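Colleague: Before I use this model, I would like to know what stands behind the words used to describe it. Please go through them with me.

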Amino acid sequence: MPCSDPISDGYRRCVATFRLQGSRVLAVDMSGDAVKAKNGSMVAYDGQMAFKKMTGGGEGVRGMVTRRLTGEQMTVMEVKGHGTCWFADRATEINLVSLHGEKLFVEAGNLLCTDAGLRTGTHFTGVRGASQGNGLFTTTVEGSGQAAIMSEGPAVVLRVSRQYPLTVDPGAYVAHQGDLRQNLQSGVTFRTLLGEGGGEAFQIRFEGEGLVYVQPSERTTIAGDV
Amino acid sequence: MNPAGNPSMPAGAPAPLDPMSLPSDDSVNAYTFCVELRGSQWFLQKGKMIAYYGSIEFNGIGHGRLDRLVRTSFHSPLHASDWVVAEGQGKMLLADRAFDVNSYDLEDGNLTIRSGNLLAFQPTLALKQSIVPGFLTLIGTGKFVAASNGPVVFMEPPIRVDPQALVGWADCPSPCHHYDHGYLTGVIGGVRALTGIGGTSGEEHQFEFVGAGTVLLQSSEALMAEQATGALPQQAGVPGGQGAPGQHGQRGQQPGQPRLPGQLGDLQRRFGL
């Protein structure tokens, strides 16, 4: 069953298939292939599985150093075997994303599982990260395959197009993909200092073409109270 | 299985939404509500906006330009620092800590709600502080959005409800406390009340509603974070206002010591314990 991805040249490539069981448990069917998952997120498996911690998220020494330096740390394990493995983390909602060569930007803490074939890395996001309280960097996932991202409450997927730019609260931002430019908008005025601000002093504005995932909940951010 | 035009969305995933497909003043899913602004205004609790399309401005209640609006529909000066006015063109998503979010329509009606549960309302409604401390009353015609932990259940009075499950009530004239007195009478009951030995079921105290109306309950006993309600007017006759101490029936209470209404101490005094 897992080998259901026929490639046009006649080969059948074995790719782990991701499916959601309910909205909070991810089931991955594997037949000898591997996935990368957040350390400790396995809740059950059947068949033969080997779990191996991947130091530095499988990004090599350079990636490891980058992650250490940028604070965008992930502890990742490689799961390899035959059978089905179930993943879940703190009963958060799980969203599946299929990538076809494009790049997915996601906060390290929101990434649950990716195909082993997807490359992960770190990306400089600028001041936005600072307002979010989780550093200046974000994690990228690149390649072809599936990834599972987590959100507190089911994520809402919003399309950004040329005529409809989107503004997002940094605390509710989970991930985005596509060709998007982001910039931080600050509405800090003298009123904010007087404690009469609009409550939304920092916002991220997305322009271009792509998708943005937001969660119906706000992380505690530096900008949360102004 | 893939929705047309969304090659990157796997089967079963929610389709991406844009300003065209987002609902207008309706729920996106159980946890997210979408408000459409066409030059109109909405009151919302600070920090509950998660995303918006278009150009929307958020201003604190104290903003001078909003003076008129605030005068006509915001009668809770003590909550002013928790609320903002959204104004502009576009669609805005509201959510709160992944709690269930629902919208309700009032038609020339009134509804009282726990202050932490109210997320947003149309300025056609007037927001007033309830006489019951910690609650807010909405009066008029319009739409408002409220959050609850788990879906909201509507009940008809007469009914007794658990204090933690109460979200609010509409049209009910008689919210009051109810105690299971039988539980605390007699020698065993006295010992239980004084020492806690024998244990309690935790359900000796309820809120009681009678009359015509609707009571809103949430399906869990987790409370929303209470919004700061500020100090009440220092005036005699204002519940919780602590005005004019020692005036009516407060004999035996140490002056200056705040006491919760319906605290067990009252009961013990009632039974001569």
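**Terms set against values**

Modeller: Strand β7 of chain B, residues 118-121, is where B:A120 is found. Keep in mind that this is a predicted model.

Colleague: Why is B:A120 called buried?

Modeller: A residue counts as buried if 20 or more other C-beta atoms lie within 10 Å of its own. B:A120 has 25 other C-beta atoms within 10 Å, and is therefore buried.

Colleague: Which residues is B:A120 in contact with, leaving aside its neighbours within four places in sequence?

Modeller: Among them are B:W42, B:F43, B:L44, B:L94 and B:F144. The criterion is C-beta atoms within 7 Å.

Colleague: What makes a set of residues a nonpolar core, and which residues touch the most other members of the largest one?

Modeller: The members must be buried, belong to a list of nonpolar types that includes Ala, Leu and Ile, and be joined through C-beta atoms within 7 Å. The largest core has 102 residues, and those touching the most other members are A:L112, A:I149, A:L158, A:V214, B:L93, B:L94 and B:A120. This core draws at least three residues from each of domain 1 (26-148) and domain 2 (149-226 + 265-269) of chain B. In soluble globular proteins, nonpolar side chains tend to be buried together.

Colleague: What is A:I149 in contact with, again without neighbours within four places in sequence?

Modeller: The contacts of A:I149 include A:V97, A:V106, A:L112, A:V174 and A:Y213.

Colleague: Why is β11 of chain A described as largely enclosed by the rest of the structure?

Modeller: Five of the five residues of this strand, 156-160, are buried, so the description follows. A:V156, A:L158 and A:V160 point one way, A:V157 and A:R159 the other way, and all are buried. In a regular strand the side chains alternate between the two faces of the sheet.

Colleague: How do you know that β11(A) pairs with β14(A)?

Modeller: Pairing requires at least two bridges. β11(A) and β14(A), residues 202-214, have five bridges in the antiparallel sense, so they pair. One of the bridge partners in β14(A) is A:L211, opposite A:R159.

Colleague: How many residues of domain 1 of chain B are in contact with domain 2 of chain B, and what is their make-up?

Modeller: 17 residues of domain 1 are in contact with 14 residues of domain 2. In domain 1, the largest share of that side, eight residues, comes from β6(B). The residues of the domain 1 side divide into six nonpolar, nine polar and two charged.

Definitions and conventions
Residues are numbered from 1 along each chain as its sequence is written. Chains are lettered from A and ligands numbered from 1 in the order in which they are written. This is a predicted model: local features need pLDDT of at least 70, side-chain atom pairs count only at pLDDT 80 or more; totals for chains, interfaces and linings use all residues. Two residues are in contact if their C-beta atoms, placed from the backbone, lie within 7 Å. Helices (H or I, at least four residues) and strands (E, at least two) are DSSP runs, numbered from the N terminus. Ala, Val, Leu, Ile, Met, Phe, Trp, Tyr, Cys and Pro count as nonpolar, Asp, Glu, Lys and Arg as charged, and the others, Gly among them, as polar. A residue is buried if 20 or more other C-beta atoms lie within 10 Å of its own, exposed if 12 or fewer, and partly exposed in between; C-beta atoms are placed from the backbone. Domain bounds come from an automatic or database domain assignment.
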